[in-house]
Amino acid sequence: MPSFTKKAIVDSFLKLLREKQLDKITIKDIVEDCGINRNTFYYHFDDIPALVEDILKAETERVISEHQDMESWEEGFIAAADFALDNKKSVYHIYNSVNREIFEQYLNNISRDVMKRFVEQVSEGTGASEEDKALIVEFYKAALTGMVLDWLGAGMQYDPRQVIRRLGRMLEGEIEAALRRISRPGI
């Protein structure tokens, strides 16, 4: 559980991030908004990129812990999309900043974890090796992360949950089939 002060810093930062671009937010802005001094900020975070990373790491952990047992990979991606939609302006400001790689790492982590959990569930009885499962996880992680980045780059103009659901229908059974095919002798 984060401390009261750490939560106040995060809340002030997120409030400011809804109002202006990440590159325009200073530590001075944050400490003035939440009524603390600079030393208190530095006690909790090294800098603003560390604050962004901490927020996205906490969100990753939340999504992963809430989706331990998944019926489909879509659930995890929809939860991540909900975070982006609930914080649209903030996510857009992070995406369009010099700290964009922090957000891309967040997407990769969620995508990899969601796909890994799903592949582990559906791989039982397929005979697929760990190497084959990892290959499938990385393939879907890259594809899905790429789609999210394209959505962000296009200005977040459509509901990604609909696209995720359509992809889920389109790819239904494909991961299991790929695991079975790849484990056949001679491949």
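Trainee: Which residues does UniProt list for "DNA-binding region"?

Mentor: The structure above is a predicted model, and the annotation comes from an unreviewed UniProt entry rather than from the coordinates. In the model, the stretch that the entry names is 75% helix and 0% strand, with its end C-alpha atoms 13 Å apart. For "DNA-binding region", the record lists residues 26-45.

Trainee: How many helices and how many strands does the chain have?

Mentor: Read along the sequence, the chain follows the pattern α-α-α-α-α-α-α-α-α-α, and its C-alpha trace spans about 65 × 35 × 25 Å along the principal axes. The count for the chain is therefore, by DSSP runs, ten helices and zero strands.

Trainee: Which helix gives the most to the largest nonpolar core?

Mentor: Buried residues, those under 20% relative accessible area, make up 43% of the 187 residues in the chain. The largest nonpolar core holds 56 residues, and those touching the most other members are Phe13, Ile30, Leu51, Trp73, Leu152 and Ile175. With ten residues, the helix that gives the most to this core is α7.

Trainee: Which residues does Leu152 touch, not counting residues up to four places away in sequence?

Mentor: Leu152 is one of the core residues that touch the most other members. Among contacts in the chain between residues at least 6 apart in sequence, 70% join residues at least 24 apart. Once residues up to four places away are set aside, the partners of Leu152 are Val91, Tyr92, Tyr95, Phe103 and Leu107.

Trainee: What is the volume of the largest cavity, and which helices each supply at least two residues of its lining?

Mentor: Two cavities of 30 Å³ or more are counted, and the largest has a volume of about 220 Å³. Its lining comprises 19 residues, of which Phe77, Leu144, Val148, Pro160 and Ile164 lie nearest the centre. By class, the lining has 18 nonpolar, one polar and no charged residues. The helices that each supply at least two lining residues are α5 (73-86), α7 (100-122), α8 (130-153) and α9 (160-170).

Trainee: How many nonpolar, polar and charged residues are in the lining of the second largest cavity?

Mentor: The second largest cavity has a volume of about 60 Å³, and the elements giving two or more residues to its lining are α1 (4-19), α4 (48-66) and α6 (88-95). Among the residues that line this cavity are Leu14, Val52, Phe83, Asn87, Ser90 and Ile94. By class, the lining of the second largest cavity has eight nonpolar, two polar and no charged residues.

Methods. Residues numbered from 1 in each chain as written. Predicted model: local features only at pLDDT ≥ 70, side-chain atom pairs only at ≥ 80, totals over all residues. Heavy atoms only, no water. 1 Å grid on protein atoms, 1.4 Å probe; cavity = no way out; pocket = protein on both sides within 12 Å on 5 of 7 lines; lining within 4 Å. Points joined across faces, edges and corners; volume = space filled by probe spheres on them. Helix = DSSP H or I, 4+ residues; strand = E, 2+ residues; numbered from the N terminus. Nonpolar A, V, L, I, M, F, W, Y, C, P; charged D, E, K, R; others polar. UniProt positions renumbered as here; feature names shortened; annotations may be inferred. Core = buried A, V, L, I, M, F, W, Y, C linked by side-chain atoms within 4.5 Å. Buried < 20%, exposed > 50% of the residue type's maximum accessible area, 1.4 Å probe, protein only. Contact = heavy atoms within 4.5 Å.
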